[in-house]
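Subject: Structure handover and notes

Dear colleague,

I am passing on the structure we spoke about, and my notes on it follow directly below. Please read them with the model open beside you, taking one site at a time.

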Amino acid sequence: MGPLVSEVEVSPEKGVNGPEPGMAGHAAEDSPARQDSSVADVVGATIAGQGVKDAFGILGSGNLVVTNALVRHGARFHHARHEGSALCMADGYARVTGAVGVCSVHQGPGLTNTMTGLAEAAKSRTPVLVLAGETPAAALTSNFRIDQHDLVESVGAIADRVHGAKTAADDAARAYQRAITDRRPVVLMLPIDIQPQPAVQTEPSQPAMPPLSAPQPATDAIDRAISLIVQAKRPAIIAGRGAVLAGAGPELERLGETIGAVLATSAPANGLFAGLPYALGISGGFASPFAAQVLPQADLVLVFGASVNHWTTKHGAMIGPDARVIQIDVEPRAIGRNRPADLAIIADASATARALTAELNNRNHTHQGFRTSELATQIATNTWRHDPYDDASTEEWIDPRTASIALNDLLPANRAVAVDSGHFLGYPSMFLDVPDARSWLFPNGFQAVGLGLGNAIGAAIAQPDRPTVAAIGDGGAFMALAELETAARLKLTLLVVIYDDAAYGAEVHHFAPMGHDVSLVRFPDADLAGIARAAGAKAATVRRVDDLGVVTEWLANPHGPLVLDVKVNPTICAEWLEEAFRAG
Ligand SMILES: Cc1ncc(C[n+]2csc(CCOP(=O)(O)OP(=O)(O)O)c2C)c(N)n1
Ligand SMILES: [Mg+2]
């Protein structure tokens with residue numbers, strides 16, 4: 001096949017009528033004056049000027065110059081091996097830091113490769129900025145040509161564009177700001193015929209927007225909430241990702257204390273109430289049997305920043321039939337979407353909790369509610385790890401619960417945990433503790449397999465001083481395999497725990513009981529440790545608890561990732577999976 005038309009005719013390095021290949025050179029070879037003069041240079045400089053410290057991606061002719069400029073102006077660039085994972089790295093970075101995750105990709109296939117991660121970021125409302133090359137409007141026959149605008153909008157991301165030399169800096173600054181204000185991924189298209197043009201505008205025409213102030217609750221809404229709260233005998237607070245993003249943990253803790261509430265989270269908000277005496281952990285399919293017993297006894301449930309979908313309520317079972325529900329969310333669309341609310345408050349979770357506590361204090365209302373020392377003891381002694389199970393470890397396989405509990409004990413408390421999707425997902429959710437909600441990465445908004453490793457790499461790069469765990473299945477590991485090389489090359493303090501059942505276990509456990517043939521979703525045993533070693537990582541095969549000793553050695557001297565191919569017993573089926581499939 002001949003050279004690709006669009007790359008030969010137009011590229012940011014050469015320009016439409018630019019010098020011959022080899023003459024124009026790389027940005028790094030250019031004179032300093034030349035380096036900051038093109039639209040691509042200004043876009044890179046402007047994005048770096050927003051305070052971006054790290055960016056991820058894969059370089060091609062459509063994004064090399066802009067990425068070089070980003071780096072020249074202070075950002076570090078971390079090269080991935082597949083754009084799908086590069087996007088997940090930016091997403092994971094944003095989840096743990098709260099900053100915008102930046103990802104740079106080539107036009108056409110570079111962008112299409114990001115789509116699954118982009119859909120996840122859109123559904124989980126992660127602020128991500130994607131810098132993507134774009135074929136020129138006139139290059140109708142370019143091999144790279146697709147409708148990039150409609151493509152990204154179709155998965156819920158925002159499409160934006162650098163319009164020209166006169167607006168380059170404003171276009172870049174606007175796209176970055178939109179990722180923050182709309183709390184969504186934004187794809188900034190960089191047409192490759194516009195990129196090499198001399199920039200007319202080199203600085204944004206206005207300063208960066210001040211941070212948005214949190215929407216405050218209306219006084220009458222607080223009054224109505226108080227009248228429900230004072231009638232309640234057993235209140236519960238369920239907090240979701242909206243509460244995490246609002247930094248509402250401390251205010252919810254105070255409110256809980258004032259009204260005597262038990263505390264729980266949705267699965268994505270796991271860790272928000274870590275270590276608190278009346279915290280029941282996750283509500284829903286991953287709820288401990290004790291949490292599942294207590295939560296439905298609540299007569300009032302205050303839902304902060306959670307959509308209370310079937311996952312969080314276990315198809316309604318977590319909220320008693322007669323319980324009143326007050327739902328607090330910044331987004332009107334979230335109210336009553338999955339479960340009717342008796343009262344809605346459209347406001348920030350933290351601001352609302354603060355206003356409720358203040359008003360209750362004014363009225364001298366405190367209530368013991370659920371909170372007795374007996375309950376605190378019961379909660380402390382009835383977590384998942386206290387729940388008895390028949391250990392199904394054999395000579396060949398380890399029970400995934402046993403492996404998870406042992407790992408939890410070996411790892412320091414200050415760790416981040418990123419998960420993938422699949423049957424195994426319940427085990428890290430139930431048994432691996434996290435110190436806070438920002439340390440828990442749950443990329444399951446799109447329920448896609450294969451995103452966890454990229455998320456974990458982004459988190460490990462953001463916070464190199466503590467171990468990050470990627471808890472993934474063998475199916476998810478194979479989908480993101482190339483990034484084991486990235487983790488090794490970047491010498492990340494990353495522990496990759498592969499729950500390896502040599503199968504798409506989720507499908508096996510769902511379909512086999514119905515009598516379907518599941519041989520297509522079972523695979524021969526694969527030596528994932530061998531593959532990881534070939535990629536440059538340390539690795540071990542784990543069949544028994546003793547094999548986990550390598551984790552302790554590694555923690556003493558990490559210098560790069562450790563990959564554990566944990567051969568889990570494939571016959572064990574987690575209860576939570578049934579719930580998952582009821583949802584369809
Ligand atoms: C990208 C994508 N492809 C397919 C699926 C359907 N699917 C859901 S779980 C699963 C199996 C995942 O296997 P693995 O990572 O080994 O986890 P396990 O279920 O075996 O624990 C599949 C294929 C999906 N959710 N996402
Ligand atoms: Mg599997």
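In this predicted model, a polar atom in the side chain of His509 lies 3.2 Å from the backbone oxygen of Ile572. His509 itself belongs to helix α22, and if you look at its surroundings, leaving aside the neighbours within four places in sequence, you will find it in contact with His423, Pro570, Thr571, Ile572, Cys573 and Leu577. Is His509 buried or exposed? Its relative accessible area is 12%, and because the cut-off for a buried residue is under 20%, His509 counts as buried.

Helix α22 is also a good route to ligand 1, since α22 (505-511) and α20 (474-479) each supply at least two residues of the shell around that ligand. Altogether 17 residues surround ligand 1, and the closest of them are His423, Asp474, Gly475, Gly476 and Gly505; you have already met His423 as one of the contacts of His509. Which element gives the largest share of this shell? That is α20, which contributes four residues. Sorted by character, the shell is made up of seven nonpolar, seven polar and three charged residues.

Several polar contacts to the oxygen atoms of ligand 1 are worth finding on the screen. A polar backbone atom of Gly505 lies 2.6 Å from an oxygen atom of the ligand, while an N or O atom in the side chain of Asp474 is 2.7 Å from a ligand oxygen, and for the side chain of Asp501 the corresponding distance is 3.1 Å. Taken alone, ligand 1 exposes 580 Å², and the protein buries 77% of that area.

Asp474 and Asp501 appear again at ligand 2, which is a magnesium ion coordinated by Asp474 (OD), Asp501 (OD) and Ala503 (O) at 2.0 to 2.2 Å. Along the sequence, these donor residues follow the spacing D-x26-D-x1-A. How accessible are Asp501 and Ala503? Asp501 has a relative accessible area of 13% and is therefore buried, and Ala503, at 7%, is buried as well.

Away from the ligands, I would next look at helix α7, which covers residues 115-123 and is mostly covered, with seven of its nine residues buried. Those buried residues are Met115, Gly117, Leu118, Ala119, Glu120, Ala121 and Ala122, and what they pack against is a set of five elements named as follows: α5 (83-97), α6 (109-112), β4 (128-134), α8 (148-154) and β6. Just after this helix, Arg125 takes a positive phi of about 55°.

The strand β6 (186-191) also helps to locate Gln216, which lies in the loop between β6 and α10 (219-231). Is Gln216 buried or exposed? With a relative accessible area of 52%, Gln216 is exposed, because the cut-off for that word is over 50%. The side chain of Gln216 reaches the backbone oxygen of Ala214 at 3.1 Å, and, leaving aside neighbours within four places in sequence, Gln216 is in contact with Ile346, Ala347 and Ala351. Gln216 and Val330 are 114 residues apart in sequence, yet their C-alpha atoms are 9.3 Å apart in space.

Two further residues bring together parts of the chain that are separated in sequence. Ala45, in helix α3 (residues 39-49), has its C-alpha atom 8.8 Å from that of Thr202, although the two are 157 residues apart along the chain. Ala45 is partly exposed, with a relative accessible area of 21%, and, again leaving aside neighbours within four places in sequence, Ala45 is in contact with Ala69 and His73.

The other residue is Glu575, found in the loop between β18 (562-567) and α25 (576-582). Its C-alpha atom is separated by 8.3 Å from that of Gly285, and these two residues are 290 apart along the chain. Glu575 is exposed, with a relative accessible area of 73%.

With best wishes

Conventions: Residues are numbered from 1 along each chain as its sequence is written. Chains are lettered from A and ligands numbered from 1 in the order in which they are written. This is a predicted model: local features need pLDDT of at least 70, side-chain atom pairs count only at pLDDT 80 or more; totals for chains, interfaces and linings use all residues. Side-chain values use heavy atoms; hydrogens and water are left out. A residue is near a molecule or strand if one of its heavy atoms lies within 4 Å of it. A polar contact is a pair of N or O atoms within 3.5 Å; within protein, one must be able to donate a hydrogen and the other to accept it, and residues adjacent in sequence count only if both atoms are side-chain atoms. Accessible areas come from the Shrake-Rupley method with a 1.4 Å probe; for residues, only the protein chains shown count as cover. Ala, Val, Leu, Ile, Met, Phe, Trp, Tyr, Cys and Pro count as nonpolar, Asp, Glu, Lys and Arg as charged, and the others, Gly among them, as polar. Buried means under 20% relative accessible area, exposed over 50%, partly exposed in between (1.4 Å probe, protein chains only). Contact means heavy atoms within 4.5 Å. Donors are N, O and S atoms within 2.8 Å of the metal (3.2 Å for Na, K and Ca); water is not among the atoms, so sites may look incomplete.
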